[in-house]
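Trainee: Got a minute to walk me through this one? I'd like to start with the sheet.

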Amino acid sequence: MEGRIRVRVTPRAGRDRVDGWDGELLRVRVAAPPAEGRANRALVALLAAALDVPSGAVRVIAGERSREKLVAVRGLTTAEVRRRLTPGSGPPPG
């Protein structure tokens, strides 16, 4: 099982954060610059934390040098990824 989502990344933001969904596209900001894959690594770490999965479960599978990327999350369906990244509907506390 592997969920896939489209992500639009804004590098060099003030801080790392998930802005939310714009239709089928997730908007994300990372503080890291786009040089040497740093923004991609920051994106993976941010999404892994937001989804409560290990960082090894999240990978950029297309668009490594573009602001718009295709990201795969191992162990979650696409619907579960969307649910966990929608404000107010994340994993239960505990």
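**Strands, a helix and a pocket**

Mentor: Sure. E4 and strand E5 (residues 68–74) run antiparallel and are joined by 4 bridges. Strands here are DSSP runs of E, at least two residues long, while helices are runs of H or I of at least four, and numbering starts at the N terminus. Two strands pair if DSSP finds at least two bridges between them.

Trainee: Is this a predicted model, and what are the ground rules?

Mentor: It's a predicted model, where local features need pLDDT of at least 70 and side-chain atom pairs count only at pLDDT 80 or more, while totals for chains, interfaces and linings use all residues. Residues are numbered from 1 along each chain as its sequence is written, and side-chain values use heavy atoms, with hydrogens and water left out.

Trainee: Back to E5, then: what is the bridge partner of valine 58 there?

Mentor: Valine 73.

Trainee: And what's the strand order in the sheet?

Mentor: E2-E3-E1-E5-E4, an open sheet of 5 strands with mixed pairing. Strand E2 (17–22) and strand E4 (58–62) are the edge strands, each pairing on one side only.

Trainee: How do E1 and E2 run relative to E3, parallel or antiparallel?

Mentor: E1 and E3 run parallel, with 5 bridges; valine 9 has valine 28 of E3 as its bridge partner. E2 and E3 run antiparallel, also joined by 5 bridges, and there arginine 17 is partnered with arginine 29 of E3. E2 and E3 make a hairpin with 2 residues between them, and glycine 23 in the turn has a positive phi of about 70 degrees.

Trainee: Switching topic: how many salt bridges are there?

Mentor: The count is 9, taking a side-chain nitrogen of Lys or Arg within 4 Å of a carboxyl oxygen of Asp or Glu. In one of them, glutamate 2 pairs with arginine 59, with the closest N and O atoms 3.1 Å apart. Glutamate 2 sits in strand E1 and arginine 59 in strand E4, so that pair ties together parts 57 residues apart in sequence.

Trainee: And pockets? How much space lies in the largest pocket?

Mentor: About 200 Å³. On a 1 Å grid over the protein atoms alone, a pocket is an open set of points where a 1.4 Å probe fits, with protein on both sides within 12 Å along at least five of seven lines; lining residues have an atom within 4 Å of a point. Volume is the space filled by probe spheres set on the points, which are joined across faces, edges and corners.

Trainee: Which residues line the largest pocket?

Mentor: Among them are Val9, Pro11, Glu36, Arg65 and Lys69.
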